[in-house]
Amino acid sequence: MNPKYLKMMILLLLTLCTASMADAESSSKNSKNVAFLDYTEGGHNDTDFNATFMSEWWYQNGDMKLVAKDGEKKKLAFFIVMAHQESPELKDESGTNLSYLSTFYGLYPYEENATHNFTRTLVPRSSIENYIEFHVPYLNFTYPDGLKRFYGSGARGYMLNYSFDNMQLNLFFKPRVKKTVDSAIEPVNFTTYEYAYGKLRGSVVIDGKEYRVMQTNGYFDHMIPYTHDQATWQMEMHGWSWSEVTTDKYQTIFYGVRSMDDGYENYTYKHLTLINKHTGRIIAEYFGDQVNVDEKNWEYVEVKDRTVKRPSKLEISTPGLEISMNAQSVVQLDETSLPSGQPVGFVDFMAFQPDEATIKYRKNLEMGSAFYEYMVTDPGISASSPE
């Protein structure tokens, strides 16, 4: 064969192979360097886990510096959740199976009061796939009002288009670290897939004024808790604590889940991950008794004649690593967050600290921002009275 044509055929084959690899949705590669599809991204059903009740949500947060065309600057942190719940017992009066869809958010403008909203609806289960794509290697969730959509994948990035009242978010998040996983059977079955660090870009509209995103840090996760034999997954635990701290070099993620016997201050499940956010490398992971959790400065909150307590300071330590944060600006989600006091199943305190959260790894001390969640389930409130 003419060497000229042989060279052209080789180039064509290389081009076709490269294009095929680029089109594959993938978050990692196997030992043979062949891309594979990541089916942890899409939606799931209760039947996937033989569950009597399951929840599933996708969570995005960000800490952003914004600038408008006229030069006005703002700093804004936020979190967004888009969720669904499934159960064979979830039916309307006619016996039609239903799916529960919800979305909620918190906004933390620097030096201003935090705001939030909780929105929910029920749709026939037969129509749920009009809103969420199931068993696919990507996320595609559109809330029924058509104003809130979250879609994409870890390989290519996630797009968030979210509108409510006087706020619109049009943001693209690209993870810059490897995916990590939290998973347990006790005290509740759950799995969380996390991209703990990445960058956001796009625009934010507040009160009709558009701002461009300049500097950001972001976090994404996808969580699925479920139960095999209870009416809801919340009935299997007292609650949980979650946090992520971001400094110049490091990112930490902590998950702690409390059983009914643990009450407010102990944890059956504990997992702490330390990441180098510049390289994406997991520096260390710690589990169970390796992790010491010290919650301080407890505050007592009344929610519809029920007393709930929460810590306003959290310190986490393990040999060679110390983390500290404060619940500085708090969004509280509970049944008062919905019209007519509709049941939520928990009281959730989601806090943001813009600076002075600390990570001390070995002799290196850094300061940064933190998101900190402390949640207490309704059964947990009933089972334990604050001291």
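Let me begin with Y195 and F220, two residues that are both buried in what is, I should say at once, a predicted model. The ring centres of Y195 and F220 are 6.4 Å apart, and because their planes meet at 40 degrees, the pair counts as tilted. If you look for them in the structure, you will find Y195 in strand β10, which covers residues 189-206, and F220 in strand β11, which covers residues 209-227, so this pair ties together parts of the chain that are 25 residues apart in sequence.

Now compare that with a second pair, Y264 and W298, whose ring centres are also 6.4 Å apart, but whose planes stand at 85 degrees, so that this pair is edge-to-face. Here too distant parts of the chain are linked, since Y264 belongs to the loop between β13 (250-258) and β14 (269-276), while W298 belongs to strand β16 (residues 292-303), and the two are 34 residues apart. Y264 is buried because its relative accessible area is 5%, and the cut-off for calling a residue buried is under 20%. W298 has a further partner, for the charged end of K309 sits over its ring, 4.4 Å from the centre. A similar arrangement involves K148, whose charged end sits over the ring of Y162 at 5.5 Å from the ring centre.

The model holds 29 aromatic pairs in total, and one aromatic cluster brings together Y59, F79, F104, Y108, Y110, F118, Y219, W242, F352 and F371.

Which residues have the most contacts inside the largest nonpolar core? They are Y59 and F79, and the core itself has 37 residues. Strand β2, residues 73-86, supplies the largest share of this core, namely four residues. Both domain 1 (38-231) and domain 2 (237-386) contribute residues to the core, and therefore it lies between them. To see the surroundings of Y59 for yourselves, leave aside its neighbours within four places in sequence, and you will find it in contact with F79, I80, V81, Y219, F220, D221, W242, M350 and F371. F220, from the pair at the start, is thus one of the contacts of Y59.

Finally, a word on confidence. The chain has a mean pLDDT of 91, with 90% of its residues reaching 70 or more. Over residues 3-34, however, the pLDDT is below 50, and this stretch has 26 contacts in the model beyond near neighbours in sequence.

Conventions:
Residues are numbered from 1 along each chain as its sequence is written. This is a predicted model: local features need pLDDT of at least 70, side-chain atom pairs count only at pLDDT 80 or more; totals for chains, interfaces and linings use all residues. Side-chain values use heavy atoms; hydrogens and water are left out. pLDDT is the predictor's confidence in each residue, from 0 to 100. Contact means heavy atoms within 4.5 Å. Rings of Phe, Tyr and Trp (its six-membered ring) pair if their centres lie within 6.5 Å; planes under 30 degrees apart count as stacked, over 60 as edge-to-face and the rest as tilted. Buried means under 20% relative accessible area, exposed over 50%, partly exposed in between (1.4 Å probe, protein chains only). A charge sits over a ring if NZ of Lys or CZ of Arg is within 6 Å of the ring centre and within 35 degrees of the ring normal. A nonpolar core is a set of buried Ala, Val, Leu, Ile, Met, Phe, Trp, Tyr and Cys residues joined through side-chain atoms within 4.5 Å. Domain bounds come from an automatic or database domain assignment.
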